[in-house]
Amino acid sequence: LIENCVIHDTGSHNIYWGTGSNEQPNSDLILRNSILYMGSKDLDGRHCFQHNGVVTRLIVENNICHSTVKGGGISIENGASDSIIRNNLIFNTSKMGIQFYSYKAKWGAPMINNAVINNTVWIGTYSLSVKKEPKDHSGILIKDSTGHLPIEYTKIRNNIIYTQYGFPVHISTESLAKTTFVTNNILYRTANDTEKFLIWPGKTAAKIADEKISINELNGFSEHMRNNRLCDPRFKTPDIENYTAPE
């Protein structure tokens with residue numbers, strides 16, 4: 001259990017949990033009520049939080065994750081099942097907000113029956129050097145790069161997901177998308193407003209495999225995808241100068 005902590009200015013992940021053995025899986029881990037910021041200052045692709053390896057009943061809830069210099073928000077890799085990412089605020093990250101990712105390693109298992117509920121994800125407009133630099137990363141990414149560690153029955157529900165050029169929801173293959181539940185989310189992509197050739201309702205809401213799809217296509221993709229809206233949540237842009245004041 002880690003709770004009520006402030007962890008910042010790390011070269012790699014702010015918090016990293018994992019196991020490198022399928023014979024020694026983790027279970028019943030909880031991260032909650034913590035503030036994680038200014039991570040991944042030295043190493044590219046690190047995150048506010050990552051669990052790598054087989055785990056059941058992982059809970060990540062009520063946390064604030066922001067201003068990761070070279071990385072993303074919450075990363076779950078190679079084997080989480082029956083786990084929940086809930087009520088987190090993730091903003092101004094340099095990569096994706098939340099990801100479930102399988103890659104080739106000596107350890108790993110299919111990821112089954114995980115939930116992403118009531119999170120707010122805002123992929124930032126500015127880099128940590130204060131240069132305007134819209135990011136092309138997704139709000140939520142589900143990707144199996146192995147072909148044998150599928151990510152199935154993920155429930156993405158009641159989230160607000162705001163991206164720049166990236167996709168609010170990106171699922172790497174059509175087969176994974178068919179077992180993914182995407183319901184009651186507010187999605188927004190600022191690039192839709194500048195790409196003049198995209199007219200309503202053709203504006204991009206998600207990406208499945210290599211296909212960009214509209215909100216109507218998303219809601220009609222399967223019986224597991226419905227009641228999603230593509231609209232501007234009208235967030236106030238956070239001031240990049242406030243990263244040293246987590247309150």
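In this briefing, a residue is buried if its relative accessible area is under 20%, exposed if that area is over 50%, and partly exposed in between, using a 1.4 Å probe and protein chains only. By that rule, 52% of the 247 residues of this protein count as buried. The model is predicted, so local features need pLDDT of at least 70 and side-chain atom pairs count only at pLDDT 80 or more, while totals for chains, interfaces and linings use all residues. Residues are numbered from 1 along each chain as its sequence is written, and side-chain values use heavy atoms, with hydrogens and water left out.

**The overall build**

- The protein has 3 helices and 29 strands; these are DSSP runs numbered from the N terminus, with helices (H or I) of at least four residues and strands (E) of at least two.
- Contact means heavy atoms within 4.5 Å. Among contacts between residues at least 6 apart in sequence, 79% join residues at least 24 apart.

**An open sheet of parallel strands**

- Two strands are said to pair if DSSP finds at least two bridges between them.
- One open sheet contains 8 strands with parallel pairing, in the order β1-β5-β9-β13-β17-β21-β24-β28. At its edges stand β1 (2–3) and β28 (225–226), each with a single partner strand, so one side of each has no neighbour in the sheet.
- β1 runs parallel to β5 (residues 30–32), and 2 bridges join them. Here you can find Glu-3 opposite Arg-32 of β5.

**Other strand pairs to look for**

- β14 is joined to β18 (residues 120–123) by 4 bridges, and the two run parallel. Ile-90 has Val-121 in β18 as its bridge partner.
- β18 is also joined to β22 (residues 160–163), again in parallel, by 3 bridges. Thr-120 is matched there with Ile-160 in β22.

**Strand β11 and its neighbours**

- All of β11 is hidden: 6 of its 6 residues are buried, so this strand is largely enclosed by the rest of the structure.
- β7 pairs with β11 in the parallel sense over 5 bridges, and Asn-52 has Glu-77 in β11 as its bridge partner.
- β11 is joined to β15 by 4 bridges, also running parallel. Ile-76 stands opposite Phe-100 in β15.

**A look at Gln-99**

- Gln-99 belongs to strand β15 (residues 98–102). This residue is buried, with a relative accessible area of 5%.
- Its side chain makes a polar contact with the side chain of Ser-75 at 2.8 Å. A polar contact is a pair of N or O atoms within 3.5 Å; within protein, one must be able to donate a hydrogen and the other to accept it, and residues adjacent in sequence count only if both atoms are side-chain atoms.
- Leaving aside residues up to four places away in sequence, Gln-99 touches His-47, Ile-74, Ser-75, Ile-76, Glu-77 and Leu-141.

**Cavities inside the protein**

- A cavity is a set of points, on a 1 Å grid over the protein atoms alone, where a 1.4 Å probe fits but cannot get out; lining residues have an atom within 4 Å of a point. Grid points are joined across faces, edges and corners, and a volume is the space filled by probe spheres set on the points.
- There are 2 cavities of 30 Å³ or more. The largest has about 50 Å³ of space, and the second largest has a volume of about 40 Å³.
- Residues lining the largest cavity include Leu-31, Phe-49, Ile-74 and Ile-90. β7 (47–52) and β11 (72–77) each supply at least two residues of that lining.
- The lining of the largest cavity has 8 nonpolar, 3 polar and no charged residues. For these classes, Ala, Val, Leu, Ile, Met, Phe, Trp, Tyr, Cys and Pro are nonpolar, Asp, Glu, Lys and Arg are charged, and the others, Gly among them, are polar.
- The second largest cavity is lined by residues including Ile-76 and Phe-100. Its lining has 6 nonpolar, 2 polar and no charged residues.

**Residues in loops**

- Asn-87 sits in the loop between β13 (84–86) and β14 (89–93). Its phi is positive, at about 60°, although Asn-87 is not a glycine, and this residue is partly exposed, with a relative accessible area of 33%.
- Asn-227 lies in the loop between β28 and β29 (229–230). Its phi is also positive, near 60°, in a residue other than glycine.
- Asp-210 is in the loop between β26 (204–208) and β27 (211–214), and is exposed, with a relative accessible area of 67%.

How values were computed. 1 Å grid on protein atoms, 1.4 Å probe; cavity = no way out; pocket = protein on both sides within 12 Å on 5 of 7 lines; lining within 4 Å.
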